[in-house]
Amino acid sequence: MTTDRKTRLKLGMVGGGQGAFIGAVHRIAARMDDRFQLVAGALSSDPARASASAAELGIAPDRSYASFEEMARAEAAREDGIDAVAIVTPNHLHAGPSIAFLNAGIHVICDKPLAASAAEAEAMKQAAATSRARFFLTHNYTGYPLLRQARAMVARGDLGRIRLVQAEYAQDWLTDVIEQEGHKQAAWRTDPAQSGAGAIGDIGTHAFNLACFVSGLAPQALSAELHSFGPGRQVDDNAHILLRYAEGARGMLWASQIAVGCENDLRLRIYGDKGGLEWEHQDPNQMRFTRFGEPKQILTRGGAGVGPDWTRVPPGHPEGYLEGFATLYTDIAEVIETGTDNPMLPGLQAGLDGMWFISAAQTSSADGGAWIPRKSPRLA
């Protein structure tokens, strides 16, 4: 991670107005290393809320837009137009803004998952293929120092040949059907027209992405059982999924939003024929590493033997969710400014992988857990 440059890139935002959660997270992350300045936005589909939100954030009135279409056209035409736009809308509103800004030659930073449907994802893929701009997807956990350390350890063979990949993400906030009580976040996340999926799209894609990111393996097939325990709920709130890899490894993934007592309990365990790694989000600054036949080691973020380039504060100080997002934004700024690639950054391929995961899990579950192969090729 590089933080010594002082250039501020001009950032716009679609969504993220008053009452939104993830928009504020993106704004904090974008400014943490002082690499971006928010100067424009189409912050809400409601004109009054959009205007009020822009005023609160110090956005000039002439750069507060009523729609993302107007914003893309106007910013592309300005000499001082935005360098990048953050898309922080519900899932079904990722494709339209992303395509508009890619077509306008403006870099896109999109929240996950990629879209709400396969058709939308394909349209985004086509737009990215013909645009001079870059597309980034904010799977923020890939910015955690110890997860980047884990990826490096797997890549250099510290675990040997990978045999088992275990990923899970459990929450309990949808234990009750709060979407029927007017809860804003629950309402859109449990509406299939807006989310495209339930737990597998909201948090399952995080666990899936993390397993791919650290292991370096792409599943070739999956078998899933999705269930909805909330009375009347139209999307899954619990999922058990088996994964097969071409390299012979096997995996399991559990995603749940009705696991009482779990908050944001993301876990990853990877085992090879020489060693194993175990990491938990609720203690993200430690990771357990065991070589077969030897005592277990506790690796600490920034500690002895851990890559110093992936940590931003001295060891012993907590570093987590917001810092992970900030690391992605700083890496994105570096890519935009230098034109180089960064394999740590999730992009279009990570989004397409996530869309296959969602679609295959839904198809498998509807067919009694049938194994669904991945037939479409990955991007080069």
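**Exercise 1. Work out how much surface the protein exposes and which atoms supply it.**

Start with the total: the protein exposes about 16100 Å². Next, split that by atom type: carbon and sulfur atoms supply 51% of it. Keep in mind that you're working with a predicted model here. Now turn to the residues themselves, where 56% of the 380 count as buried.

**Exercise 2. Decide whether the overall dimensions agree with a compact globule.**

First get the expected value: for 380 residues, a compact globule would have a radius of gyration near 21 Å. Then look up the value for this protein, which is 20 Å. The two agree, so the globule picture holds up on this count. For the outline, take the principal axes: the C-alpha atoms fill a box of roughly 65 × 50 × 40 Å.

To see how the chain is wired inside that box, take the contacts with a separation of 6 or more: 70% of them come from residues 24 or more positions apart. Finish with the charges. There are 36 positive and 43 negative ones, and their mean positions sit 6 Å apart.

**Exercise 3. Describe the secondary structure, then set the two annotated domains side by side.**

Begin with the whole protein, which has 11 helices and 14 strands. Now go to the record. UniProt, in an unreviewed entry, lists residues 10-138 as "domain: Gfo/Idh/MocA-like oxidoreductase N-terminal". That span is 41% helix and 18% strand, and its end C-alpha atoms lie 18 Å apart.

The other annotation, also from an unreviewed UniProt entry, is "domain: GFO/IDH/MocA-like oxidoreductase" at residues 148-278. Here the chain is 27% helix and 34% strand, with 13 Å between the end C-alpha atoms.

**Exercise 4. Find the backbone oddities at Pro-113 and Asp-34.**

You need a baseline before anything looks odd: most residues other than glycine have a negative phi, and most peptide bonds are trans.

Take the peptide bond from Lys-112 to Pro-113: it is cis, with omega near -10°. To place it, note that Pro-113 belongs to the loop between β4 (107-110) and α5 (118-130).

Then take Asp-34, which isn't a glycine and yet has a positive phi of about 60°. Asp-34 sits in the loop between α1 (22-32) and β2 (36-42). Is Asp-34 buried or exposed? Neither, quite: its relative accessibility is 29%, so it counts as partly exposed.

Arg-35 is in the loop between α1 and β2 as well, but with a relative accessible area of 1% Arg-35 is buried. For a sense of distance, Arg-35 and Leu-147 are 112 residues apart in sequence and 23 Å apart in space, C-alpha to C-alpha.

**Exercise 5. Trace what surrounds the loop between β5 and α6.**

Step one is Thr-142, found in the loop between β5 (135-137) and α6 (145-155). Its relative accessible area is 1%, so it is buried. What covers it? Leaving out residues up to four places away in sequence, Thr-142 touches Arg-148, Asn-209, Phe-213, Leu-328, Met-344 and Pro-346.

Step two is Tyr-144, in the loop between β5 and α6 too. Tyr-144 has 1% relative accessibility, under the 20% cut-off, so it counts as buried. With the same sequence neighbours left out, Tyr-144 touches Trp-279, His-281, Pro-284, Gly-320, Tyr-321 and Gly-324. How far apart are Tyr-144 and Glu-323 in space? Their C-alpha atoms are 7.7 Å apart, although 179 residues separate the two in sequence.

Step three follows one of the partners of Thr-142, namely Met-344. Met-344 is located in the loop between α10 (321-338) and α11 (348-366). At 14% relative accessible area, Met-344 is buried. Its contacts, again without residues up to four places away, are Thr-142, Arg-148, Arg-151, Phe-213 and Trp-310. Compare the lists and you'll spot Arg-148 and Phe-213 touching both Thr-142 and Met-344.

As a last check on distance, try Met-344 and Lys-184: they are 160 residues apart along the chain, and their C-alpha atoms are separated by 33 Å.

Methods
Residues numbered from 1 in each chain as written. Predicted model: local features only at pLDDT ≥ 70, side-chain atom pairs only at ≥ 80, totals over all residues. Heavy atoms only, no water. Helix = DSSP H or I, 4+ residues; strand = E, 2+ residues; numbered from the N terminus. Rg over C-alpha atoms; globule rule 2.2 N^0.38 Å. Buried < 20%, exposed > 50% of the residue type's maximum accessible area, 1.4 Å probe, protein only. Contact = heavy atoms within 4.5 Å. Areas by Shrake-Rupley, 256 points an atom, 1.4 Å probe, with all protein chains shown as cover. Lys, Arg positive; Asp, Glu negative; His and termini not counted. Charge placed at Lys NZ, Arg CZ, Asp CG, Glu CD. UniProt positions renumbered as here; feature names shortened; annotations may be inferred.
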